[in-house]
Amino acid sequence: MSVFDQLPQPLRGDVEIAAAAWTSADSTRRLWARDASLWTGADEDRWLGWLSAPADAAAATPALEAFAQHVRADGFTDVLLLGMGGSSLCPEVLAESFGPQAGSPRLHVLDSTDPAQVESLDRRVPLASTLVIVASKSGSTLEPNIFSAYFFDRMVATVGAAQAPRHFLAITDPGSKLEAAARRDGFRGIFSGAPSIGGRYSALSPFGLVPAAAMGLDLARWVESAATMATRCAHATVEGNPGVALGLVMGTSARLGVDKLTAIVSPRIYDLGAWLEQLVAESTGKNGHAIIPVDREPLAAPAAYGADRLFVYLRLSTAPDDAQDAAVQALVSAGRPVVRIDVPDVYGLAGEFFRWEIATAVAGAVMGINPFDQPDVEASKIETRTLTDDVEKTGHLPAETPIVADATMRLFTDAFNAELLSALADDASPAAWIRAQLDRLKTGDYLALLAYVPMTDSHEQALTGMRVAVRDRRQVATCVGFGPRFLHSTGQAYKGGPNTGVFLQITCEDAVDLPVPGARYSFGVVKAAQARGDYQVLVDRQRRALRVHLGSDVAAGLAGLEQIIVEAMRA
């Protein structure tokens, strides 16, 4: 079945025209030839090393299998990966989709500066039998560096200074600061990434392969899945090329305003959606353009969705979900655009990584953008660095004054948004201002809940209640991101894409905090600085943004916020 088969007209006709133009321009050959003129003619050719990742992975398999053998022989029961964005999302997909493998260590991933999450992992992981992998392409990313400092101190306290370095290894690009630090501190090993592979395209490089090996996956089977998909994605015809076909649908849809890519993913492989979010948002969200990925939004009847949705159903053939099947069929019957992808088994995820990398590159070509840069990600990092530098000098973050407050929450925004919200709100309460913020949603917009709170099931449940209430009443797409991890993912599209987002940033007082070794700031301060930096860039880009600051009882604060939003949508 072609991915075009379940597309309604006129979208299907537009995609077929795009496919004919792609074929006429010999674009598949040009992609594989690493021809930058397929995109913007800038430096795209420097970032296409991922095209050869399946072949490179096959060559590296014996060494990786030997590494896995050493990990088991040395008695490690757990592996803790410290990273952000492209360095952590693929390993997280592996951990969530495969689970523990018999006779091999359990894989854990830390990608949050929230002190409660850091402390939780510290409590759960038996450090004396844990291998810590520090993963960072540049080697200078703030979060992995402070994670590493914290857990290195904890490891010294657990096993002693002489043995601690033998519990650490690094994955980083050659010549990075992390490589130098790993050599200086005597890490047990260093795996080198390829400088020609950007972080979000690195799933089939050492950044994904080393954790896969450490947790005991069948590497030969994993690599075969990727290689088979790579062969299919080199096919000259669009009909025979699953990656190109998907990318043409994505790019053409986005150009027509059908730009909310809504992922429906089988429960066993649900976390693939988080990886897709980064790949798609960071690659396409720039210069006023974006495909906005929507992940983990509960399914609803077709009437709940606007006309800006493109649905992609990633159905695991070995463990399908009947409710998803029925809901997707209802969407198809209602004439909604749906692409169905059958994933043969969990090892098929390797093939999906490659398919989606090709598709995203193709979508970028159709949209006329460079899918390999991320010009707006650095802006938030600069703002965060300015704030943490100030803390190093003063010992605290700058004081803030809320625009509206009550006993349960404080609201912050800039002068531009405050003037507009003040005019829309019917009184000076936080509830009225939150209702006013939601009233700014228009057809074709999306709501993004940016939650700098601990990433737990109960917190996600409350945020889901908020997004569903808004989706069902306003028929707009809804996104949820836990900070700071989304800064390395969807944050690029929120800042660099079209001004169609309405943002509710949610921060909180931390019930616990942890020091960062060697710094005057703590993990809680870093998270707060990241939230403030993120918000500042949003308002610098003239986004419709409002920040809600909760107390230290986050569950109660989220429950109160959910009640405000649900009641507002009933009014």
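**Exercise 1. Cysteines**

Task: In this predicted model, determine whether Cys90 is buried or exposed, and explain why Cys90 forms no bond with Cys233.

Solution:
1. Cys90 has a relative accessibility of 1%. Buried residues are those under 20%, so Cys90 counts as buried.
2. The cysteine sulfur closest to that of Cys90 belongs to Cys233, at 17 Å. A disulfide requires two cysteine sulfur atoms within 2.5 Å; the separation is therefore too far for a bond.
3. Under this rule, the count of disulfides is zero.
4. Cys479 is likewise buried, its relative accessible area being 1%.

**Exercise 2. The faces of helix 9**

Task: Establish which residues of helix 9 are buried, which are exposed on the other side, and what covers the buried ones.

Solution:
1. Helix 9 comprises 14 residues, 219–232. From its first C-alpha to its last it reaches 20 Å, close to the 20 Å expected at 1.5 Å a residue.
2. The buried residues of helix 9 are Leu219, Trp222, Val223, Ser225, Ala226, Met229 and Ala230. Viewed down the helix axis, they fall within an arc of 150 degrees, so they line one face of the helix.
3. Glu224 and Thr231 are exposed on the other side of helix 9.
4. The cover over the buried residues includes helix 2, helix 3, helix 4, helix 8, helix 10 and helix 13.
5. At the N-terminal end, Asp218 caps helix 9 through a side-chain oxygen that lies 3.3 Å from the backbone nitrogen of Ala220.

**Exercise 3. The nonpolar cores**

Task: Identify the residues that touch the most other members of the largest nonpolar core, and state which helix gives the most to this core.

Solution:
1. The largest nonpolar core has 99 residues; Trp50, Trp222, Met250, Trp275 and Trp356 touch the most other members.
2. Helix 13, residues 349–367, gives the most to this core, contributing 13 residues.
3. Beyond its neighbours within four places in sequence, Trp356 has contacts that include Leu246, Met250, Leu261, Trp275 and Ile341.
4. Another core, of 40 residues, lies apart from this one; Trp433, Val476, Leu504 and Met569 are among its members.

**Exercise 4. The setting of Lys177**

Task: Decide whether Lys177 is buried or exposed, and list its contacts outside its neighbours within four places in sequence.

Solution:
1. Lys177 is found in helix 7, residues 177–185.
2. Its relative accessibility is 63%. The cut-off for exposed is over 50%, so Lys177 counts as exposed.
3. With those sequence neighbours set aside, Lys177 is in contact with Ser138, Gly139 and Ser140.
4. Lys177 and Gly465 are 288 residues apart along the chain, and their C-alpha atoms are separated by 43 Å.

Technical notes: Residues are numbered from 1 along each chain as its sequence is written. This is a predicted model: local features need pLDDT of at least 70, side-chain atom pairs count only at pLDDT 80 or more; totals for chains, interfaces and linings use all residues. Side-chain values use heavy atoms; hydrogens and water are left out. A nonpolar core is a set of buried Ala, Val, Leu, Ile, Met, Phe, Trp, Tyr and Cys residues joined through side-chain atoms within 4.5 Å. Buried means under 20% relative accessible area, exposed over 50%, partly exposed in between (1.4 Å probe, protein chains only). Helices (H or I, at least four residues) and strands (E, at least two) are DSSP runs, numbered from the N terminus. Contact means heavy atoms within 4.5 Å. The expected span of a helix is 1.5 Å times one less than its number of residues. The arc is that of the directions from the helix axis to the C-beta atoms. A polar contact is a pair of N or O atoms within 3.5 Å; within protein, one must be able to donate a hydrogen and the other to accept it, and residues adjacent in sequence count only if both atoms are side-chain atoms.
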